[in-house]
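Hi everyone, thanks for making time. I'd like to walk you through a structure that is new to most of you, so let me put it up on the screen.

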Amino acid sequence: MPVPGLGPYDDNNIFARILRGEIPCKRVYDDAFALAFHDINPQAPVHVLVIPKGRYVSFADFSAGASEDELAGFFRAVGAVARHLELDQPGYRILANMGEHGGQEVPHFHVHLFGGRPLGPMLAR
Ligand code: AMP
């Protein structure tokens, strides 16, 4: 099923280049389904990005096109990253920006994981 409003995957986007090892990252987790690394411009004491290994432009693309194994493997990895960073207690926030109104900048699906302080309201007011 085509996903409206999304372009084809760009193999030269910055996260594709990180996955290929062409650009360095501060890696925190790596498995068959996901890679996690520190955001280059952190918005909280802990700000980690979790990305799937597959070529998915956005959450819309990933949720529509990924296999059951990729879906399960990726979201289990997000939880594993949070546990690895010892964030379950006192808690954290996950967020995915999608498309223009979501403010997505990098066209490879990613989940932001924020923690390390009380994070305040969900959206800027
Ligand atoms: P988004 O607006 O959801 O697409 O977020 C993209 C995020 O990627 C931003 O928080 C950037 O700071 C982050 N980012 C961009 N380039 C890099 C990079 N080379 N390494 C780590 N994080 C990056």
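Let's start with a question: which element gives the most to the shell around the ligand? That's α1, with 3 residues. Helices here are DSSP runs of H or I with at least four residues, strands are runs of E with at least two, and both are numbered from the N terminus.

Before I go on, a word on where this comes from. This is a predicted model, in which local features need pLDDT of at least 70 and side-chain atom pairs count only at pLDDT 80 or more, while totals for chains, interfaces and linings use all residues. Residues are numbered from 1 along each chain as its sequence is written, and side-chain values use heavy atoms, with hydrogens and water left out.

Okay, the ligand. It has 16 residues around it, and a residue counts as near if one of its heavy atoms lies within 4 Å. The closest are Asp39, Asn97, Glu105, His110 and His112. If you sort the shell by type, you get 7 nonpolar, 7 polar and 2 charged residues. For that sorting, Ala, Val, Leu, Ile, Met, Phe, Trp, Tyr, Cys and Pro are nonpolar, Asp, Glu, Lys and Arg are charged, and the others, Gly among them, are polar. At least two shell residues come from α1, residues 14-19, and at least two from β2, residues 34-38.

And where does the ligand sit? In the largest pocket. A pocket is found on a 1 Å grid over the protein atoms alone, as an open set of points with protein on both sides within 12 Å along at least five of seven lines. A molecule sits in one if more than half of its atoms lie within 2 Å of its grid points.

Now the polar contacts, meaning pairs of N or O atoms within 3.5 Å; within protein, one must be able to donate a hydrogen and the other to accept it, and residues adjacent in sequence count only if both atoms are side-chain atoms. A ligand oxygen lies 3.1 Å from a backbone N or O atom of glycine 103. For valine 106, a polar backbone atom is 3.0 Å from an oxygen of the ligand. With histidine 112, an N or O atom of the side chain is 2.8 Å from a ligand oxygen. On its own, the ligand has 510 Å² of accessible area, and the protein covers 86% of that; such areas come from the Shrake-Rupley method with a 1.4 Å probe, and for residues only the protein chains shown count as cover.

Let's stay with histidine 112 for a moment. You'll find it in strand β5, residues 111-115. Its side chain also has a 2.8 Å polar contact with the side chain of histidine 47. Is histidine 112 buried or exposed? It counts as buried, because its relative accessibility is 11%, and buried means under 20%, exposed over 50% and partly exposed in between, with a 1.4 Å probe and protein chains only.

Another buried one is asparagine 13, at 4%, in the segment before α1. A polar atom of its side chain lies 2.8 Å from the backbone oxygen of aspartate 10.

Then have a look at the loop between α3, residues 68-84, and β4, residues 93-95, where glutamate 86 is found. Glutamate 86 has a positive phi of about 60°, although it is not a glycine. It is exposed, at 65%. Leucine 87 is in that loop too, but this one is buried, at 5%. Leucine 87 is 26 residues from leucine 113 in sequence, with 9.7 Å between their C-alphas.

Last stop: phenylalanine 59, in helix α2, residues 59-65, is partly exposed at 36%.

Methods:
1 Å grid on protein atoms, 1.4 Å probe; cavity = no way out; pocket = protein on both sides within 12 Å on 5 of 7 lines; lining within 4 Å.
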